[in-house]
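Here is a short tour of the model shown below, taken one region at a time. Keep the 3D view open as you read.

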Amino acid sequence: APGAAPEREAAVPPLGAAYALPDNPDDLLRLDDEMRAFFAARVHRYNGSEARTDEIGEAILGEKGLRFTYEADGLYDVREAFRRRRGNCMTFAMLVVAVAREHRVPAKFNEVDIRPHWSRTGGLVLESRHINVHVNVDAISYEIDLQLFANLRVSRQSARVVDDNRAFATAYSNAGVYRLAGGDRAGALPLLERATALDPTFAAGWSNLGAACLMEGETERAQLCYERAMAERADSMAAISGLARIHRQAGRLESAVRLERVVASYRERNPYYLFRVAREELANGSLESARGHLLRAIRIKRDEPEFYELLV
């Protein structure tokens, strides 16, 4: 959801400005001849499924393979990921799935519930989600994750296999958010709309589209998007929070207060929300209360300089 505009706006180059996801979602996983030759030399077709799974991981991550590295905003299709040798968890998952299926390993996308991770780019506050790869071979299930030790909560209770449409919708929605963060609102909307068209049940996709509409001043459309997100997932906190904001701005205070009660604990886990509250309290002279909110924000996210600046 859109966050409070920072007091000082840093110049933020458009994320992914030199690269755009292909328009056709089928192209997200399409290997080219160079990739097929590279992986054919490292994944042996006559080995068992478990051995091929290990070889795929080594070919992507190993010293004699791509030596693929993590890049937080690196969202690419598999051919671009192969060329750059880096990407985020979505890119890594697509690359693993594409190569695995090429070598007859039944790989699927896996949504993972992780602890909320917040960041800010430009004027946008972002809540990160996570996706990895699920492989079931020889009656054994594996989860292949680029940042395994950062996601130790991965379990059968916190992860669920999703179809390709959900994964592709996630990719396009993320790409749209990155463009929003880079200031390219015109380029963001088609990506966000494509995400909801690919998977109309994707609550986070509707929430992201709603946030973009709200930034454009399209309040009625934003409200419809948030309501659709809640229809798909009743506990969609981002959608409930956005809808509460719309009701409050429109003067529908009873509805706003009711929704705000639902998302109170969700907002309290967002360090940027705590920062905004602290800034308002500081402006009103409530120094001790502002200090308390800032200390809580810092406990959640220790690497945000503005929290310390305001505390000082």
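Let us begin with one residue. This is a predicted model, and in it asparagine 270 contacts Trp118 and Val125, leaving aside its neighbours within four places in sequence. Asparagine 270 sits in the loop that links helix 10 (253-268) to helix 11 (271-283). Although it is a loop residue, asparagine 270 is buried, with a relative accessible area of 11%.

**The sheet**

Four strands form an open sheet in the order 5-4-3-6, with antiparallel pairing. Strand 5 (140-144) and strand 6 (159-162) stand at the edges; each has a single partner strand, so one side of each is left without a neighbour in the sheet. On average, neighbouring strands of this sheet are turned by 35° against each other, direction ignored.

Strand 3 (107-121) and strand 4 (124-137) run antiparallel and are joined by 11 bridges. Strand 4 also pairs with strand 5 in the antiparallel sense, over five bridges. If you would like to follow the register residue by residue, histidine 117 has serine 128 in strand 4 as its bridge partner. Across from strand 5, histidine 134 stands opposite glutamate 143, and valine 135 stands opposite tyrosine 142. How much of strand 4 is buried? The count is 10 of its 14 residues, so strand 4 is largely enclosed by the rest of the structure.

**Helix 2 and its covered side**

Helix 2 (49-61) has the length one would expect: at 1.5 Å a residue, its 13 residues should span 18 Å, and its end C-alpha atoms are 18 Å apart, which agrees. The buried residues of helix 2 are Ser49, Arg52, Thr53, Glu55, Ile56, Ala59 and Ile60. These residues lie on the same side of helix 2, because they cover an arc of only 165° around the axis. An α-helix has 3.6 residues a turn, so residues three or four places apart point the same way. The elements that cover the buried residues of helix 2 include helix 1, helix 4, strand 4 and strand 5.

**Two nonpolar cores**

The largest nonpolar core holds 51 residues, and Phe39 and Phe109 have the most contacts inside it. Among the elements that each supply at least two residues of this core are helix 1 (33-40), helix 2, strand 3, strand 4 and helix 6 (185-198). Helix 4 gives the largest share, 11 residues. Phenylalanine 39, again leaving aside neighbours within four places in sequence, contacts Ala59, Ile60, Leu66, Phe82, Val99 and His103. A second, separate core of 41 residues includes Ala203, Ala212, Ala297 and Leu310.

**Positive phi angles**

Most residues other than glycine have a negative phi, and most peptide bonds are trans. The residues in the table are worth a look in this light.

| Residue | Phi | Location |
|---|---|---|
| Arginine 85 | near 65° | loop between helix 3 and strand 2 (86-87) |
| Arginine 104 | about 60° | loop between helix 4 and strand 3 |
| Aspartate 138 | near 50° | hairpin of strand 4 and strand 5 |

Arginine 85 is partly exposed, with a relative accessible area of 30%, whereas arginine 104 is exposed, at 54%. The hairpin that holds aspartate 138 has two residues between its strands.

Notes
Residues numbered from 1 in each chain as written. Predicted model: local features only at pLDDT ≥ 70, side-chain atom pairs only at ≥ 80, totals over all residues. Heavy atoms only, no water. Buried < 20%, exposed > 50% of the residue type's maximum accessible area, 1.4 Å probe, protein only. Contact = heavy atoms within 4.5 Å. Core = buried A, V, L, I, M, F, W, Y, C linked by side-chain atoms within 4.5 Å. Expected span 1.5 Å × (residues − 1). Arc of directions from axis to C-beta. Pairing = 2+ DSSP bridges. Axes fitted to C-alpha atoms, helices over the stretch in contact; angles between N-to-C directions.
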